[in-house]
Amino acid sequence: MASSIFNFLLTFLALSNLVFLSQSQVTSAPFKPGGLALPVFKDSATGLHIANITKRTPQQSIPLLIDLNGKFLWLNCEKNYLSSTYLAPFCHSTQCSRFGSHSCNKCFSTTPRPGCHNNTCAVTTTNPLTSQTATSEVAQDSLSIQSITQSGSNFGPIVTIRHFLFACSPSSLLQGPFPNNVQGVAGLAHGSVSLPIQFASHFGFPRQFSLCLPSSTQKNGAIFFGTSGLNGTQTGNLTYTPIIIGSQGEYFIPVRSIRVNNKPVPLNHSSLISTRTRNFGGAMISTTAPYTALEHSIFTTFTQFFANQSSRISQVNPISPFGLCFNSNVSSSTNVPNIDFVMQNKNVTWTIVGTNSVVEARPGVSCLAFVDGGQNPKAPIVIGVHQLEDNFVEFDLVRSRLGVSSSLLSRNTSCSNFNFTSKS
């Protein structure tokens, strides 16, 4: 009898193991995204671009200004930041080291709250529009974002990072010409806690991201992380040039000369050397400068040369902050000459066509969308938002190169063609 019971138990356990093994074999593996996608919108008042990033528990969509050269994500936590998953790492922790924080936060409030805890990491945050700074608390909380499938053919499910690092900042840092309702900044710079680096580290995909900023205020563009968009449809025939990383993680490219109407602008080449990178032709790319800014001597020569090459177009008195304007009632942006930023050699150019080189300053008046950057700018050339719009710009941090499409409008497409509501 005992032997029969024993044999029954052995048989039962064997069958149980078979059932368990068969169930484990059919259980699907956790979803691994092939990349991430973040919708981007153009603010009509400022011309700058905003992303709604989902954070906190329960989840809340938070509008943030896109700052290509921002070191990390920071947002206002001073009022109404409610989240059950918020955590402020202790001073001198690993999280502090990733931020480069070596000081401790001191908060004199009797009631701890997000952004105000003692013995936590302190970090300096900067308003990219005013250069105002403030001391902020290093924090971590959940962040959710749209995924892209491994095949790159479509959008996947929303994925979540439970402990995304960011800075919790005071509301005073939001002073200045921010778009309405923006609560902080999404930093994309080359740094250990910027969005592209944290995403790549968490999901294990390449350190690369791409901008496709819309010129329309009615439809969204996108930022892609870890991939070159959906099926690479926007990336055909990119022109590549080396990326130079500045001391604060900024992105520069080597612009050695400028051509207008395929003719070289007579510039003093020493004026194109960046004091920040010590490299020849240091042009910084920016998503917080509405228009491309040129060092004063470059601006003066370039504007006059462009005017000479556009002599058949009726000119009118310039409207601030621009230096050259046209009567758009008798001409259009398609009539102005192309501008070429010549990079590492004469055959590698970033071509700026009329829609990116001219802007309507008021009804009937269009202006050359370049401004005077003064005598001591951040860089001799700061390529601004208007010149980036409807260009697919890929930042390949693995290969230290930048790829640019020039205007997508010439290919009968734009950066406003991404439908984030469609999934396979």
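User: Is Pro114 buried or exposed, and what is its relative accessible area?
Analyst: Bear in mind that this is a predicted model. Pro114 is found in the loop between strand 5 (103–105) and strand 6. Buried means under 20% relative accessible area. Pro114 falls under that cut-off, so it counts as buried, with a relative accessible area of 17%.

User: Which residues does Pro114 touch, leaving out those up to four places away in sequence?
Analyst: Start with Cys77: 37 residues separate Pro114 and Cys77 in sequence, yet their C-alpha atoms are 6.0 Å apart. Cys77 is also one of the residues Pro114 touches. The whole set is Cys77, Tyr81, Tyr86, Glu137 and Cys168.

User: Which strand gives the most to the lining of the largest pocket?
Analyst: That pocket holds about 860 Å³ of space and has 37 lining residues. Nearest its centre you'll find Asp67, Thr126, Pro128, Thr288 and Lys378. Two strands, strand 6 (120–126) and strand 18 (292–294), each supply at least two lining residues. The top contributor, with three residues, is strand 6.

User: How many residues in the lining of the largest pocket are charged?
Analyst: Sort the lining by class: 18 residues are nonpolar and 13 are polar. The charged ones number six.

User: And the second largest pocket: how many charged residues are in its lining?
Analyst: The second largest pocket has a volume of about 170 Å³. It is lined by 13 residues, with Pro39, Asn52, Thr54, Ser144 and Gln146 closest to its centre. By class, eight of the lining residues are nonpolar and five are polar. As for charged residues, there are no such residues in that lining.

User: From which strand does the largest share of the lining of the second largest pocket come?
Analyst: Two or more lining residues come from each of strand 1 (35–42), strand 2 (49–55) and strand 7 (133–148). The largest share is four residues, and they come from strand 1.

User: Which strands stand at the edges of the open sheet of four strands, and why is one side of each left without a neighbour?
Analyst: The strand order is 19-20-24-23, with antiparallel pairing. A strand with a single partner has one side left without a neighbour in the sheet, so the two edge strands are strand 19 (315–316) and strand 23 (358–362).

User: Which residue of strand 20 does Gln315 stand opposite?
Analyst: Strand 19 pairs with strand 20 (residues 325–327) in the antiparallel sense, over two bridges. Opposite Gln315, in strand 20, stands Phe326.

User: Which helix gives the most to the largest nonpolar core?
Analyst: This core has 75 residues, and those with the most contacts inside it are Phe199, Phe209, Phe225, Ile258, Phe302, Trp350 and Phe395. Another core, of 20 residues, lies apart from it, with Phe72, Phe99, Ala134 and Val385 among its members. Back in the 75-residue core, six residues come from the helix that gives the most, helix 4 (residues 296–309).

User: How many residues of helix 3 are buried, and which are they?
Analyst: Helix 3 (residues 195–203) is mostly covered, with seven of its nine residues buried. Just after helix 3 comes Gly204, with a positive phi near 75 degrees. The buried seven are Leu195, Pro196, Ile197, Gln198, Phe199, Ala200 and Phe203.

Methods
Residues numbered from 1 in each chain as written. Predicted model: local features only at pLDDT ≥ 70, side-chain atom pairs only at ≥ 80, totals over all residues. Heavy atoms only, no water. 1 Å grid on protein atoms, 1.4 Å probe; cavity = no way out; pocket = protein on both sides within 12 Å on 5 of 7 lines; lining within 4 Å. Points joined across faces, edges and corners; volume = space filled by probe spheres on them. Nonpolar A, V, L, I, M, F, W, Y, C, P; charged D, E, K, R; others polar. Pairing = 2+ DSSP bridges. Core = buried A, V, L, I, M, F, W, Y, C linked by side-chain atoms within 4.5 Å. Buried < 20%, exposed > 50% of the residue type's maximum accessible area, 1.4 Å probe, protein only. Contact = heavy atoms within 4.5 Å.
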